[in-house]
Amino acid sequence: MSVAGTSTTPEGRDMQCTPAPGQGEPGLAVDPDELPDGLVVADAHGRVVCFNAAAARITAVRPAEALGQSLEKALPLEDLEGRRWWQLTDPYGGLAIRKRQPERNLLLPGGREVLVSARYVRDEPLGPVRRVAVSVRDTEARRRTERSHAELIATVAHELRSPLTSVKGFTATLLAKWERFTDDQKRLMLETVDADADRVTRLIAELLDISRIDSGRLEVRRQPVDIGAAVSRHIQAYVAAGQRADRFLLRIEQPLPDLWADPDKIDQVLSNLIENAVRHGEGTVTIDVTPSASPREGEETGTSVTVSDEGPGIPEESMNRVFTRFWRGSKRGGTGLGLYIVKGIVEAHGGTITVGRAPEGGAEFRFTLPVSAPAYLA
Ligand SMILES: Nc1ncnc2c1ncn2[C@@H]1O[C@H](COP(=O)(O)OP(=O)(O)O)[C@@H](O)[C@H]1O
Ligand SMILES: [Mg+2]
């Protein structure tokens, strides 16, 4: 891209950044106002000749005010110690071997943080600086991820602390006053310690899953999966553990297309959804397995699994938050990570998941997986 001299169109639009006729390759000219990052260009005298739309948005200075000003006035940057950046770096007077300024975190008036880097354009090596091109980037997105990481760590620390406090408290009590408790009291305390240790273990396993999901490292090892049989196994496990058999209703619509998926991960999804329906929901838990349109393009069919119950359901206003990590509606002992992991696993399979209201009034979670047969079977 090349930068032409100052001119203003009849509409008042500043044309300073557009290539001059005959300069640069036609068709390759980029309108600086289309750039996502702020671009400020100063000429050989340090006068601003280009101040694009993103620069205006980030600095809240109008291009018309910035153009023709010195860099120092148009872009009054300071470093984090409050020193004026243009005086410090002195692009026109500094070392003649300087070609650029690496990216820095700097402050605009009012304390707004921006990422700034600059390039010094010289006609010949060691010659005078003909142009200075400055890129200005918003740090908001980066700050947001940093904030969310910090929040995650704070939440995790808090979640780990409460079970560990109880483990520590009960073991210390037992060690100090072993003789004074009856066997039943000791058993009760050890049971609590046991349950809390399980909770910590589970939390850590979930956190590891989350870190794999967040970094895109969740591996999906596909093989044929009989999802109806998998659901049926989960139901049997609940019944064996004391749930009434008529609490569950499994409906499988045949014929189902083949399904290639990671059986362990699908088990994790089913176990989370069914556990939620049992724990947070009420009444009959209905699981429908049906053929459906594939969520993946270029594939005809897929498999849908719908888990619904007759409990209170998810309030309308919370539906878009149930899949976020640590979101918990009720205080029934969970970590709030289950649905986040479920969504991560389903999406790693190329599937989709939605939440809604069941016909009976409870919560209804429905996920759809593509067939994903390996290419050699297609
Ligand atoms: N079937 C359901 N009925 C009512 N609420 C539910 C249901 N499933 C999930 N929820 C709500 O969504 C929240 C998040 O679920 P989840 O991520 O599995 O975390 P956890 O089960 O550990 O609390 C739960 O705390 C609960 O409030
Ligand atoms: Mg759960």
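Here is a walk through the domains of this protein and the surroundings of its ligand. Keep in mind as you look that this is a predicted model.

Start with the overall layout. The protein chain splits into three domains: domain 1 covers 32-138, domain 2 covers 142-214, and domain 3 covers 223-377. If you put a point at the C-alpha centre of domain 2 and another at that of domain 3, the two points sit 28 Å apart.

Now zoom in on where those two domains meet. Seven residues of domain 2 make contact with seven residues of domain 3. On the domain 2 side, helix 5 (140-177) and helix 6 (183-214) each chip in at least two residues. Helix 6 provides the largest share of that side, with five residues. What about the chemistry there? The side of domain 2 that touches domain 3 is made up of three nonpolar, three charged and one polar residue.

Next, move over to ligand 1. There are 23 residues around ligand 1, and the ones that come nearest are N276, G329, G334, G338 and L339. Two elements give two or more residues to this shell, namely helix 8 (263-279) and helix 9 (338-348). Helix 8 gives the largest share, three residues.

So much for position; which classes of residue make up the shell around ligand 1? Polar residues number 13, alongside eight nonpolar and two charged ones.

Note on methods. Residues are numbered from 1 along each chain as its sequence is written. Chains are lettered from A and ligands numbered from 1 in the order in which they are written. This is a predicted model: local features need pLDDT of at least 70, side-chain atom pairs count only at pLDDT 80 or more; totals for chains, interfaces and linings use all residues. Domain bounds come from an automatic or database domain assignment. Helices (H or I, at least four residues) and strands (E, at least two) are DSSP runs, numbered from the N terminus. Ala, Val, Leu, Ile, Met, Phe, Trp, Tyr, Cys and Pro count as nonpolar, Asp, Glu, Lys and Arg as charged, and the others, Gly among them, as polar. A residue is near a molecule or strand if its C-beta atom, placed from the backbone, lies within 6 Å of it.
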